[in-house]
Amino acid sequence: MAPSNTPATPTARPRKARGEGQWALGHREPLNPNERSKKDDNPLNVRTRIENIYAHGGFSSIDPADLRGRFRWWGLYTQRKAGIDGGRTAVLEPEELEDEYFMLRVRIDGGALNLAQLRTIAQISTEFARDSADITDRQNIQLHWVRIEDVPEIWRRLEAVGLQTTEACGDCPRVVLGSPVAGISVDEVIDGTPAIDEIVERYIGDPAYSNLPRKFKTQISWLADGPYQVNDVSFVGVVHPDHGPGFDLWVGGGLSTNPRLAERLGIWVPLAEIPEVWAGVVSIFRDYGYRRLRHRARLKFLLADWGVEKFREVLEKEYLGRALVDGPAPDLPEKPIDHIGVHKQRDGKNYVGAAPVVGRSSGTQLSRLAEIAERHGSDRVRLTAYQKLLVLDIADDRVESLITDLREIGLEARPSSWRRGTMACTGIEFCKLAIVETKARGEELVARLEERLKDFDADISVHLNGCPNACARTQVADIGLKGQLVMNSHGEQVEGFQIHLGGALGMAKGETAGFGRKLRGLKATAEELPEYVERVARNYLAGRSDGE
Ligand code: SF4
């Protein structure tokens with residue numbers, strides 16, 4: 001080849017790969033304020049200061065680094081100050097946005113409560129939380145209006161009945177989702193609850209697992225009746241042709257602004273080995289997870305870079321010291337399973353799934369629920385990952401009476417499709433990141449659609465989110481609503497939603513699971529929303545094929 005006259009480009013000096021803050025690669029130096037705060041003091045240590053100092057000194061005595069950082073490890077977030085509109089969310093300083101009251105998240109692993117636990121939460125709600133109690137889409141209960149002075153007494157009462165707020169929020173292993181019908185379902189082959197219990201017992205509150213790059217979400221359930229594809233780790237039941245029943249391992253799911261579905265590692269895990277394998281996955285996240293930028297710190301980013309083969313290899317070689325068993329894919333349901341209505345248990349009794357509206361409950365309602373359940377011979381209530389609840393162990397001849405009594409306290413076992421399929425995140429009422437109102441708007445939406453589309457008979461999910469964070473799983477709803485400010489017809493900025501249509505989870509073998517299409521131009525003001533949803537529903541009814 002003839003020599004070129006073009007001056008040679010100077011050979012680029014090989015750039016030193018920039019660390020992402022992975023501990024295992026030696027990038028230990030804290031790289032952002034959150035990492036600094038966790039390094040300065042393990043967040044779990046803040047409990048002692050809450051009990052010994054802050055509960056006595058009141059809100060003004062709280063060190064801001066604890067208030068806005070470490071408190072979360074004990075389920076505590078400051079609430080948003082009332083009256084601050086969504087337009088100011090991004091511009092105000094944290095101290096201008098926050099109230100002196102707290103949201104307190106009670107973790108309910110597996111969503112399972114006995115009546116003593118339910119009554120304790122109800123009592124705490126009425127006594128210390130202005131009767132607030134929201135059922136979240138991760139099987140927790142959130143209380144609001146909590147004062148720091150009351151937190152030690154609340155902990156004492158919760159812990160007396162086996163409940164806790166430990167690591168309910170923060171960069172740590174959050175509540176472990178389980179099937180609300182674990183141990184009673186006719187379709188279940190193995191109950192995953194022993195693995196959930198062991199993980200909670202061995203690892204929750206252990207400082208070795210309490211400083212992760214970001215939050216870590218888990219689900220362990222034979223039935224795929226939760227959002228298994230959007231957790232950091234999920235174990236889903238599957239029967240291996242040679243080894244029998246066990247669990248299929250999925251990793252790296254998550255929603256928010258960079259949604260990603262979890263992927264199968266192709267591994268079959270027997271029930272007894274779930275805690276060890278779970279700890280291996282969490283340890284990979286702790287050691288190799290990205291800590292430099294918070295918006296890239298979830299496990300899904302590491303998995304995206306590594307791929308499943310490398311992830312599996314590191315898990316086996318570095319963390320477990322042994323090969324794991326290859327496993328088949330589980331049979332997955334064609335649509336989400338919410339357990340609403342009356343269903344047979346394997347012991348011949350029944351469970352009844354009932355819907356509040358958008359997860360909104362109260363201490364008063366929960367305490368009446370406990371009375372009703374007891375009167376109908378039940379000691380067990382379960383929460384679902386769809387902001388709903390179940391009453392277990394009901395004899396055939398008590399079912400109708402239970403349904404009537406639940407209806408009287410605002411829990412509907414035969415809800416409309418709208419009430420059944422609508423969820424809403426906390427939103428602007430209490431959340432400091434919110435841009436729009438969600439809960440009250442969700443309630444209005446359900447009421448309006450029930451009135452206007454009484455006979456709507458299809459399954460439909462409508463998820464309202466107060467900001468792009470997708471706590472109520474925007475992208476996996478039929479109609480996903482992402483709160484933002486939009487222009488109304490007068491050119492004014494008002495609360496509204498960007499619309500995602502056609503998200504789906506839980507499709508057979510995961511083949512058609514996917515995210516709703518974010519239609520760029522498709523936005524509705526909050527005022528237009530009911531009409532918009534009604535129009536989508538009517539178009540769907542007009543265009544659906546037979547049997548759809
Ligand atoms: Fe708050 Fe946004 Fe999450 Fe809703 S989606 S609870 S507004 S962070």
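This is a set of questions and answers about a predicted model.

Trainee: How many disulfides does a search of the whole structure find?
Mentor: Start with one cysteine, Cys 169. The nearest cysteine sulfur to it, that of Cys 172, is 7.9 Å away. A disulfide needs two sulfur atoms within 2.5 Å, so Cys 169 is in no disulfide. For the whole structure, the search gives a count of 0.

Trainee: Is Cys 169 buried or exposed?
Mentor: Look at the relative accessible area. Buried means under 20%. Cys 169 has 0%, so the label is buried.

Trainee: And Cys 467, buried or exposed?
Mentor: Apply the cut-off again: buried means under 20%. The relative accessibility of Cys 467 is 10%, so Cys 467 counts as buried.

Trainee: Now the sheets. Which strands stand at the edges of the open sheet of 6 strands?
Mentor: Read along the order, β6-β7-β8-β9-β10-β11. The pairing in this sheet is mixed. An edge strand has a single partner, so one side is left without a neighbour in the sheet. That describes β6 (173-177) and β11 (325-326).

Trainee: In which sense do β9 and β10 pair?
Mentor: Strands of a sheet pair through backbone hydrogen bonds, either parallel or antiparallel. Here β9 covers residues 244-251 and β10 covers residues 263-269. They are joined over 4 bridges, and the sense is antiparallel.

Trainee: What is the bridge partner of Val 251 in β10?
Mentor: Val 251 lies in β9, which covers residues 244-251. Its partner sits in β10. That residue is Glu 263.

Trainee: Which helix packs on this sheet, touching β6, β7, β8, β9 and β10?
Mentor: Look at residues 274-288. Their helix touches those five strands, and its direction makes about 160 degrees with that of β7. The helix is α8.

Trainee: Which strands stand at the edges of the open sheet of 5 strands?
Mentor: The order is β3-β15-β16-β13-β12, with antiparallel pairing. From one strand to the next, the twist averages 25 degrees. Two strands have a single partner each, so one side of each lacks a neighbour in the sheet. They are β3 (112-114) and β12 (341-344).

Trainee: What is the bridge partner of Ala 112 in β15?
Mentor: β3 pairs with β15 (residues 380-383) over 3 bridges, in the antiparallel sense. Ala 112 belongs to β3, which covers 112-114. Across in β15, its partner is Arg 382.

Trainee: Which helix lies across β12, β13 and β16?
Mentor: Two helices are worth comparing. Helix α5 lies across β3 and β15, at about 90 degrees to β3. Residues 399-408 form the helix across β12, β13 (350-354) and β16 (389-394), at about 20 degrees to β13. That helix is α11.

Trainee: Which helix gives the largest share of the largest nonpolar core?
Mentor: In soluble globular proteins, nonpolar side chains tend to be buried together. The largest core here has 54 residues, and Phe 71, Ile 121 and Leu 369 have the most contacts inside it. Leu 369 touches residues including Leu 118, Val 381 and Leu 406. The largest share, 6 residues, comes from residues 115-128, helix α5.

Trainee: How many residues are in the second, separate core?
Mentor: Among its members are Leu 223, Val 277, Tyr 288 and Tyr 351. This core is separate, and its count is 48 residues.

Trainee: How many salt bridges are there?
Mentor: Side chains of opposite charge can pair when their charged atoms come close. One such pair is Arg 49 and Asp 41, at 2.8 Å from N to O. Over the structure, the count comes to 48.

Trainee: Is Asp 41 buried or partly exposed?
Mentor: Its partner Arg 49 is at 22% relative accessibility and counts as partly exposed. Asp 41 is at 18%. Buried means under 20%, so Asp 41 counts as buried.

Trainee: About how far along the helix are Arg 156 and Glu 153 separated?
Mentor: Their side chains meet in a salt bridge at 2.8 Å, N to O. Both lie in helix α6 (residues 151-160). They are 3 residues apart, so the separation is about one helical turn.

Trainee: Which helix holds both Glu 316 and Arg 312?
Mentor: These side chains meet in a salt bridge at 3.0 Å, N to O. Glu 316 is buried at 14%, and Arg 312 is buried at 15%. They sit 4 residues apart, in helix α9.

Terms used
Residues are numbered from 1 along each chain as its sequence is written. This is a predicted model: local features need pLDDT of at least 70, side-chain atom pairs count only at pLDDT 80 or more; totals for chains, interfaces and linings use all residues. Side-chain values use heavy atoms; hydrogens and water are left out. Buried means under 20% relative accessible area, exposed over 50%, partly exposed in between (1.4 Å probe, protein chains only). Two strands pair if DSSP finds at least two bridges between them. Contact means heavy atoms within 4.5 Å. Axes are lines fitted to C-alpha atoms, for helices over the stretch in contact, and angles run from 0 to 180 degrees between N-to-C directions. A nonpolar core is a set of buried Ala, Val, Leu, Ile, Met, Phe, Trp, Tyr and Cys residues joined through side-chain atoms within 4.5 Å. A salt bridge is a side-chain nitrogen of Lys or Arg within 4 Å of a carboxyl oxygen of Asp or Glu. Lists of a residue's contacts leave out its neighbours within four places in sequence.
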